[in-house]
Amino acid sequence: MTRFAPISCFLVALLVLGRPALAQDVVVSPEGPVKSLSAAIEQAPPGGRIVVREGVYREPTVVVDKPVTITGEGQAVLDGQGERQIMTVTADSVTVRGLIFRNVGVSFVEDRAGLKVDDARQCVIEDNRFEDTFFGIYLAKTAHCRVAGNVLQGTGATETQSGNGIHLWYSKDIEVENNTIRGHRDGIYFEFVEDSRIAGNLSEVNLRYGLHFMFSDRCQYRDNVFRNNDAGVAVMYTKHVEMSGNRFEHNWGSAAFGLLLKDITDSRVEDNLFVKNTIGVYAEAANRIRFERNHFQENGWAVKIMANSLDNVFTRNNFIANTFDVATNSSRKHRSRFEQNYWDNYEGYDLDRDGYGDVPFRPVRLFSIIVEKNEPSLLLLRSFFIDVLDAAERVVPSITPETLADEKPVMKRIL
Amino acid sequence: MQTTAKVIKYELSDVIRSKWIVLYALFFLVVTEALFQFGGGSARALLSLSNLVLIIIPLISILFGTMYLYNARAFVELLLTQPVDRKTLFGGLYTGLALPLSAGFLAGAGLPFAFHGVEAASHATTLMTLLLSGVLLTCIFTALAFLIAVTFEDKVRGLGVAILLWLFFAVLYDGLVLLLLNAFAAYPLEQPMIALMLLNPIDMARVLLLLTFDVSALMGYTGAVFEQFFGSLLGVGLSTAALGVWVAAPLFWGWRLFRKKDF
């Protein structure tokens, strides 16, 4: 038995430490023998591991064309020197972990990225840093991939001179989790992406949208934070979207939206927080969406819903301290329902004490209709005259849409 | 100069003795403190207080000012038998009223903020704007009050005109602006709106407050135009000048009438 002790000790150490390079690992380090990642990929067998030691590597675009796992140790920096894409993955089952991608440089001709995955499956991109990369992570025609724990920091100054943080095009079943994206054009950009899960990401101070997607059916967005983006979040032309537990915060500016929904249908928006946005939710041609248990606080407009949006349901939401609760562009019949929400502007009473107000609440102020028709009149906001006008309209509604009312407003704030 | 100081001194002691001014300060103190207690933070308190300032200060200033000058008639007649020139007397009367009213407001509204503090640096700007516009509105509407009291012999008539004037500036003017906006909806109205707002001191103060509240983001293009105007040197100069004219013009006119008035 004692004869095997040293060997088993070694095996245990191997299991515990895990890190030390195995015999078949290819180690890249500035001291050699393998000095470039490209050379290491050439040497590594399919399914092998490549360990990149601390150092700065400057080499032509690295093409990963076989299934390998690339792991960075310490500060393993791949520098694009401001003139090229850093890594292109074209093989299936590639894992890239713990690397630092730096300095891709702006291009007006091609969509250069720190890391581009082109036509591949089962890729894993984890815990990398992207600094000043034009596009950060770019997935095109991919499936079953995982993008998690990456930190992307862009330094673009204008929309035209910067790329998107995490850019997905024509992909399926992708997990995008716990990434942090700052200073890009769009934080997360999806086009033709299906059946994907986006969770726990932080997307802030981007130059355009925190999240932007089009034609991306059946995706789930959970517990993300979209904060302080120049134009907030805009999503378009998509069915079966599920957004829950997200925070849309402080998207403030004359063209900023907490969440802009254009041509979104059959979707759910639940348990989200909308705080300090110019417009909390802007819905245009959005149909059959269920807004439930959301919290709208201190927005300019909590909800702006255009008359071409049909059959949406707003229920059990909180509306607190918004300048306007609900605005719309038409005083004709409305096809969306508001029921059992909490409105801090509600002045009704609850005589039978069942928790619901006895008179309906009309969230559309007369003034918001006036403003919608004639923008400069917003300058009369908080004028005494306007308050009197609103009060009169509330007593005898004639201009505000009669059907847009909450028949059973909740008396107490919904937790 | 010494005479003016004496008139002001007398006025001050008189105003304070009448306890009006104490009540006035106390009113603002209680309201502001209540807003802090019930409204939560300084942001909400500032917002509610600004609504109050824009309505209450002009009303109290114009009513109290008119009444005060009517009641001080005997005193004015007595002083005019003495070697006191009318300019000194008028200046003394005005300062003696505008000063305690402003001080009452500043103390009442300012103390709770000094005690509780403000949450963010931007709130400090808003608070300064609020206090400043409160003081300016006091000066403007006290001046208007003096003009009314000097113009109309009849006390009841004078008070009626004072109320009407307040109603016009605080409420009706905005109605007219809205009508104008609707009538000329097809035209770009941003520049005319600036002019219209400059013409009404209450609107002027309201817009300045709106802009410090960061509401300009709600206004899209209109907000951008306004922010650009009031952010520029020209804008600041013009708005200050407008408010200055609003103090000086009625005061000057009132003094001219006062100088020739046959008591």
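**Exercise 1. Describe how many residues each chain brings to the contact of chain A with chain B, and characterise the side of chain B.**

Solution. In this predicted model, the contact is made by 27 residues from chain B and 19 residues from chain A. The next step is to assign the residues of chain B to secondary structure: helix H3 (42-71), helix H7 (155-183), helix H8 (190-198), helix H9 (201-212) and helix H10 (220-231) of chain B each supply at least two residues of the side that touches chain A. The most is given by H7(B), with eight residues. Sorting this side of chain B by class then yields 18 nonpolar, six polar and three charged residues.

**Exercise 2. Determine the orientation of helix H5 and helix H11 of chain B, and list the residues through which they meet.**

Solution. Two packed helices are described by the angle between their axes and the distance between the axes. Here helix H5 (residues 86-116) of chain B packs against helix H11 (residues 233-260) of chain B at an angle of about 135°, and their axes are 10 Å apart. Angles over 145 degrees would count as roughly antiparallel and those from 65 to 115 as roughly perpendicular; H5(B) and H11(B) are therefore oblique to each other. The handedness completes the geometry, the crossing of H5(B) and H11(B) being right-handed. On the side of H5(B), the residues in contact are Arg86(B), Lys87(B), Phe90(B) and Tyr94(B), and they meet Leu251(B), Trp255(B), Phe258(B) and Arg259(B) in H11(B). By class, the residues of this contact comprise five nonpolar, no polar and three charged.

**Exercise 3. Decide whether Lys260(B) is buried or exposed, and relate its position to that of Arg86(B).**

Solution. Lys260(B) lies in helix H11 of chain B. Within 10 Å there are 9 other C-beta atoms, and because a residue with 12 or fewer counts as exposed, Lys260(B) is exposed. Although 174 residues separate Lys260(B) from Arg86(B) in sequence, the two are 9.3 Å apart in space, C-alpha to C-alpha.

**Exercise 4. Summarise the architecture of chain A and the contact between its two domains.**

Solution. Begin with the chain as a whole: its secondary structure comes to four helices and 37 strands, and its C-alpha trace spans about 90 × 55 × 30 Å along the principal axes. Of its 415 residues, 45% count as buried, while among contacts in chain A with a separation of 6 or more, 48% join residues 24 or more positions apart. The chain is divided into domain 1 (21-230) and domain 2 (246-415), whose centres, taken over C-alpha atoms, are separated by 40 Å. Nine residues of domain 1 of chain A are in contact with eight residues of domain 2 of chain A. On the side of domain 1, strand E23 (residues 225-227) of chain A gives the most, with three residues, and by class that side has three nonpolar, three polar and three charged residues.

**Exercise 5. For His144(A) and Arg218(A), each with a positive phi, state the local setting and the degree of exposure.**

Solution. His144(A) is not a glycine, yet has a positive phi of about 55°; this residue belongs to strand E14 (residues 143-148) of chain A. His144(A) has 17 C-beta neighbours inside 10 Å and therefore counts as partly exposed. Arg218(A), likewise a residue other than glycine, has a positive phi near 55°, but is placed in the loop between strand E21 (211-214) and strand E22 (220-222) of chain A. With 16 other C-beta atoms within 10 Å, Arg218(A) is partly exposed.

Notes
Residues are numbered from 1 along each chain as its sequence is written. Chains are lettered from A and ligands numbered from 1 in the order in which they are written. This is a predicted model: local features need pLDDT of at least 70, side-chain atom pairs count only at pLDDT 80 or more; totals for chains, interfaces and linings use all residues. Two residues are in contact if their C-beta atoms, placed from the backbone, lie within 7 Å. Ala, Val, Leu, Ile, Met, Phe, Trp, Tyr, Cys and Pro count as nonpolar, Asp, Glu, Lys and Arg as charged, and the others, Gly among them, as polar. Domain bounds come from an automatic or database domain assignment. Axes are lines fitted to C-alpha atoms, for helices over the stretch in contact, and angles run from 0 to 180 degrees between N-to-C directions. Angles under 35 degrees count as roughly parallel, over 145 as roughly antiparallel, 65 to 115 as roughly perpendicular and the rest as oblique. A crossing is left-handed if the near helix is turned anticlockwise from the far one by less than a right angle, and right-handed if clockwise. A residue is buried if 20 or more other C-beta atoms lie within 10 Å of its own, exposed if 12 or fewer, and partly exposed in between; C-beta atoms are placed from the backbone.
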